[in-house]
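Colleague: I have a few questions about this model. Please keep the answers short.

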Amino acid sequence: MTISVFDLFKVGIGPSSSHTVGPMKAAFLFADGLLADGLLDDVAHVRVELFGSLGATGHGHGSVKAVVLGLAGEQPHLVDPVAADPMVAEVRETGELLLAGKHRIAFAADDDVVMHRRKRLEFHTNGMVFLATDASGADVRRREYYSVGGGFVLDEDDVGNPVLVQDATPVPYDFHTADQLLAMTRETGLRISDLMLANELVRRSEDDVRSELLAIWGVMQECVARGAATTGVLPGGLKVRRRAAELKTRLEAEAATGIPDPLGAMEWVTLYALAVNEENAAGGRIVTAPTNGAAGIVPAVLLYYHHYVPGADEDGIVRFLLTAAAVGLLFKENASISGAEVGCQGEVGSACSMAAAGLAEVLGGSPEQVENAAEIGIEHNLGLTCDPIGGLVQIPCIERNAVASIKAITAARMAVRGDGAHFVSLDKAIKTMRDTGRDMKDKYKETARGGLALNVVEC
């Protein structure tokens, strides 16, 4: 196993893991590399080029803002979302950037970050080129980076290497397919969460794994609370109204009447997902799970477990996240979680599968039932396109998270009421998702040049 639970669940800012978090990380790595190698003082100018999907929808996804923040030394998990916009505005107003937070250079964001809408680099559609030059115009350093989904970033040295996270540490349960994972559970009698925990323990103590996962859970809860308390209109020009706060008020008023609603839990799950994705669309702090565009599904289903499953506790939260991550790494290693690479089936589909698996585990499902839940979650998202209107992570993304959250709960409950036997395996469904993504036209893969993005007139 080379991918950790903390690679799949990490704190960042919206609206996109591949278009915001990834470019910010790449820009930080470039600036930090200049600093570490003693080249920072030689730099007079930096030029950044964004290709493929980044160039096509980068403005709507905040990619320019992300690059500016990263070059200034900010990192996605540490940057203050409230302070981010003023920081970028200051760079625009002054025409200057404090590179790596230490060396001042002239920088015009609109000119020095170039968006190539119709060009792409060979390795991946989310390609970036960073070029630093000295006062004479001579190259100081040029680097290519690729944002490959979920905030994962590769540089040019990683091209051709299938291992996305370089970690040679041996793990006790080295699985790369669902079939391997199930075989290990049968051989050991352990649950999927137990196997994933054992692998994590080669890097961290059990107390650290637990505390860090509960910290992730805390950020998810805070995100829901902010989203459910904030009104207004989302940024970006579509004038999409935030609905989570109004929905919360209505649900609380209905609950106060004492009249039972048989589907009340589903209404609250919808609220949880809407709240997270409205926060994401507004550039707030969220947890990639496994991406920003699909960030509302795992928190919404976790809150369903927390509020509506008898006996829910912190141990269950930890086991849920470990199980979801075990499924997530299968998608990351064997297909993709990048909407720009395989469409939204790789984002919402993967997240739905992960959430379904996590819930099935804490509902007491066997490993076979957990795998069944994960398979149902992705099977019924196969072919899902990524066609955001205006290049913004708003329509259809926000509602899509709410619908997929309900679908994940249905998948888990269906699976635990079966015996685990089913016709299509998770491995086959993941392969189908990968193949479908390869066949999908580029206009349906986060370019805003097809589907709803083309057929709905922006207001």
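Colleague: Which elements do the buried residues of α16 pack against?
Modeller: This is a predicted model, where local features need pLDDT of at least 70, side-chain atom pairs count only at pLDDT 80 or more, and totals for chains, interfaces and linings use all residues. Numbering starts from 1 along each chain as its sequence is written, and side-chain values use heavy atoms, with hydrogens and water left out. Contact means heavy atoms within 4.5 Å. The buried residues of α16 pack against α7 (178–188), α8 (192–200), α13 (314–334), α15 (348–362), α17 (397–416) and α18 (426–439).

Colleague: Why is α16 largely enclosed by the rest of the structure?
Modeller: Buried means under 20% relative accessible area, exposed over 50%, partly exposed in between (1.4 Å probe, protein chains only). Among the buried residues of α16 are P367, E371 and I378. The helix is largely enclosed because the buried residues number 11 of the 13.

Colleague: What does α16 reach from its first C-alpha to its last?
Modeller: Helices (H or I, at least four residues) and strands (E, at least two) are DSSP runs, numbered from the N terminus. Helix α16 covers residues 367–379, 13 residues in total. The expected span is 1.5 Å times one less than the number of residues. Here that expectation is 18 Å, and α16 comes close to it, reaching 18 Å.

Colleague: In which order do the 5 strands of the open sheet run?
Modeller: Two strands pair if DSSP finds at least two bridges between them. The pairing in this sheet is mixed. β5 (113–115) and β8 (153–155) are the edge strands, each pairing on one side only. The order is β5-β2-β6-β7-β8.

Colleague: Which residue in β7 is the bridge partner of F130?
Modeller: F130 lies in β6 and stands opposite V48. On β7 (residues 139–147), β6 pairs in the antiparallel sense over 7 bridges. The bridge partner of F130 there is R143.

Colleague: Which residue in the turn of the β6 and β7 hairpin has a positive phi?
Modeller: The hairpin has 5 residues between its strands. β6 itself is largely enclosed by the rest of the structure, because 6 of its 7 residues are buried. The positive phi, about 95 degrees, belongs to G137.

Colleague: Over how many bridges do β2 and β6 pair?
Modeller: β2 spans residues 45–50 and β6 residues 127–133. E49 stands opposite V129 in β6. The two strands pair in the antiparallel sense, over 6 bridges.

Colleague: At what angle does α3 run to β5?
Modeller: Axes are lines fitted to C-alpha atoms, for helices over the stretch in contact, and angles run from 0 to 180 degrees between N-to-C directions. Helix α3 (residues 52–61) lies across β2, β5 and β6. Its angle to β5 is about 115 degrees.

Colleague: How many disulfides does the structure hold?
Modeller: A disulfide is a pair of cysteine sulfur atoms within 2.5 Å. For C352, the nearest cysteine sulfur is that of C344, 11 Å away. For C397, it is that of C386, 6.1 Å away. The number of disulfides is 0.

Colleague: Which residues does UniProt list for the domain "Serine dehydratase beta chain"?
Modeller: The entry is unreviewed, and UniProt annotations may be inferred rather than shown by experiment, with positions given in the numbering used here and feature names shortened. In the model, that span is 40% helix and 26% strand, with its end C-alpha atoms 21 Å apart. UniProt lists residues 4–157.
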